[in-house]
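Got the viewer open? Load the model, switch to a cartoon view, and keep the selection box handy.

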Amino acid sequence: TLYPAVGLLFSVSVAASVLALKHNSVALAIIGILGAFGAPIILSGFGQTSLDVVHSGQSTSLIVYVIVVDVGVLLLSTFRSWRWLTLIALVGSLFSYGAWHEEYGTTVSLLISQGSLTIIFLLFVGATTFYHIIWRRTPRAMDYSLMSINAIAFFVISYELLSVDFRQWMGGFTLILSLFYGVMAYASLVRNKEHVYMSLMFSGIALVFLTIAVPVQLSGQWISIAWAVQGAVIMWMSFVLRMPQMRIFSIGIFVAMAVRLIVVDT
């Protein structure tokens, strides 16, 4: 009886979302998303622990349900800039993923766990950016906050999932994440050259992950050396690209390098 009940509640949520889009009502959209994420919890979808349930596919169906809901959020956020809807959906997705992984983390493969998290992450990258990129709108402070929360949550949870078996590769993982946001910065700049704020935001996130990748992968004095080189390169790029905002970040790296040099290395 679990699947029909969840399906009915999900159908109600979809209807609320369609009406919200038709009547441009963020209140209806929020009601719909709360109902969608509340359905499995209300019906004890995360409370099944028997082997029969696990073997029947329940372990993956719940996370698939969350992903389907997030696809709906992506579609809504592409046409409407409803920031509170995106925030509630992001928090609901992270909470649902945490509850799912707590229940089934030991019975599913790491590929499914990390793959599901990555899909949720990419969906919310789209949910927080597509509206501004497609319609060429300037993001606001809350939009930047949503982008940052999504990036930070993905990195932290991924680090917890992968560090046990793939600790030696985590620096490369962080570097790939930095490159991803670098590509996003370039794409947003090409799409909307008049409003560079989103591109600067993505560039900042990319630089943060690039800085984090150094201590994640290296150790000892090599961290200070790598930070010094990185700070010098970013300072040089700030003059070449005529972006003074990058100099502030470069100075921050030099400060971190100096503190580590004096406190740790010395």
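What follows is a walk through this model, one selection at a time.

**The whole chain**

Start with everything selected. This is a predicted model, so color by pLDDT before anything else. The chain averages a pLDDT of 87, with 91% of residues at 70 or more. Now switch to secondary structure: you should find 10 helices and zero strands. Read from the N terminus, the order is simply α-α-α-α-α-α-α-α-α-α.

Turn the C-alpha trace along its principal axes and you'll see spans of about 65 × 45 × 25 Å. Of the 266 residues, 42% count as buried. If you draw the contacts between residues at least 6 apart in sequence, 72% of them join residues at least 24 apart. Put a surface on, and the exposed area comes to about 14,100 Å², with carbon and sulfur atoms supplying 73% of it.

**Select 48-56**

This is the stretch to treat with care. Over residues 48-56 the pLDDT stays under 50, and the model has 10 contacts for them beyond four places in sequence. Where pLDDT is low, the predicted coordinates should not be read in detail.

**Select 51-79**

Next is helix H3, residues 51-79, and your stop here is Ser59. Ser59 is buried, because its relative accessible area is 7%. Draw a distance from the C-alpha of Ser59 to that of Phe79: the two are 20 residues apart along the chain and separated by 33 Å.

**Select 24, then 136**

Two loops come next. Asn24 sits in the loop between helix H1 (2-23) and helix H2 (26-42). Check its backbone: Asn24 has a positive phi of about 55 degrees, though it is not a glycine. Its relative accessible area is 49%, so Asn24 counts as partly exposed.

Arg136 belongs to the loop between H5 and H6. Here too is a residue that is not a glycine but has a positive phi, about 55 degrees. Arg136 is partly exposed, because its relative accessibility is 46%.

**Select 83 and 143**

How many salt bridges does a search of the whole structure find? Two. Show side chains for Arg83 and Asp143: they form a salt bridge whose closest N and O atoms are 2.9 Å apart. This pair links distant parts of the chain, with Arg83 in helix H4 (residues 83-104) and Asp143 in helix H6 (residues 141-162), 60 residues apart.

Are the partners buried or exposed? Arg83 is buried, with a relative accessible area of 18%. Asp143 is buried as well, at 4%.

**Select 260 and 265**

Now jump along to the other pair. Arg260 forms a salt bridge with Asp265, and the closest N and O atoms are 3.9 Å apart. Arg260 counts as buried, because its relative accessibility is 18%.

**Select 170-191**

Spend some time on H7. This helix has 22 residues and reaches 32 Å from first C-alpha to last, close to the 32 Å expected at 1.5 Å a residue. Color its buried residues: Met170, Gly171, Phe173, Thr174, Leu177, Ser178, Tyr181, Met184, Ala185 and Ser188. As you look down the axis, keep the geometry in mind: an α-helix has 3.6 residues a turn, so residues three or four places apart point the same way.

What do the buried residues of H7 pack against? Show helix H5 (110-135), H6 and helix H8 (197-217), and you have the partners.

Now zoom in on Thr174, which lies in this helix. Thr174 counts as buried because its relative accessibility is 0%. Set aside neighbours within four places in sequence, and Thr174 is in contact with Phe155, Phe209, Ile212, Ala213 and Val216.

**Select the nonpolar patch**

Finish on the outside, with the surface back on. Which residues make the nonpolar surface patch? Pick Leu218, Trp222, Ile225, Val229, Val233, Trp236, Met237, Val240 and Leu241; together they make a patch of about 880 Å². To see one of them in its helix, select Val240, which is in helix H9 (residues 221-240).

Conventions: Residues are numbered from 1 along each chain as its sequence is written. This is a predicted model: local features need pLDDT of at least 70, side-chain atom pairs count only at pLDDT 80 or more; totals for chains, interfaces and linings use all residues. Side-chain values use heavy atoms; hydrogens and water are left out. Helices (H or I, at least four residues) and strands (E, at least two) are DSSP runs, numbered from the N terminus. Buried means under 20% relative accessible area, exposed over 50%, partly exposed in between (1.4 Å probe, protein chains only). Contact means heavy atoms within 4.5 Å. pLDDT is the predictor's confidence in each residue, from 0 to 100. Patches are made of residues with over 30% relative accessible area and no salt bridge: like charges are joined within 9 Å, nonpolar side chains (Val, Leu, Ile, Met, Phe, Trp, Tyr) within 5 Å. Accessible areas come from the Shrake-Rupley method with a 1.4 Å probe; for residues, only the protein chains shown count as cover. A salt bridge is a side-chain nitrogen of Lys or Arg within 4 Å of a carboxyl oxygen of Asp or Glu. The expected span of a helix is 1.5 Å times one less than its number of residues.
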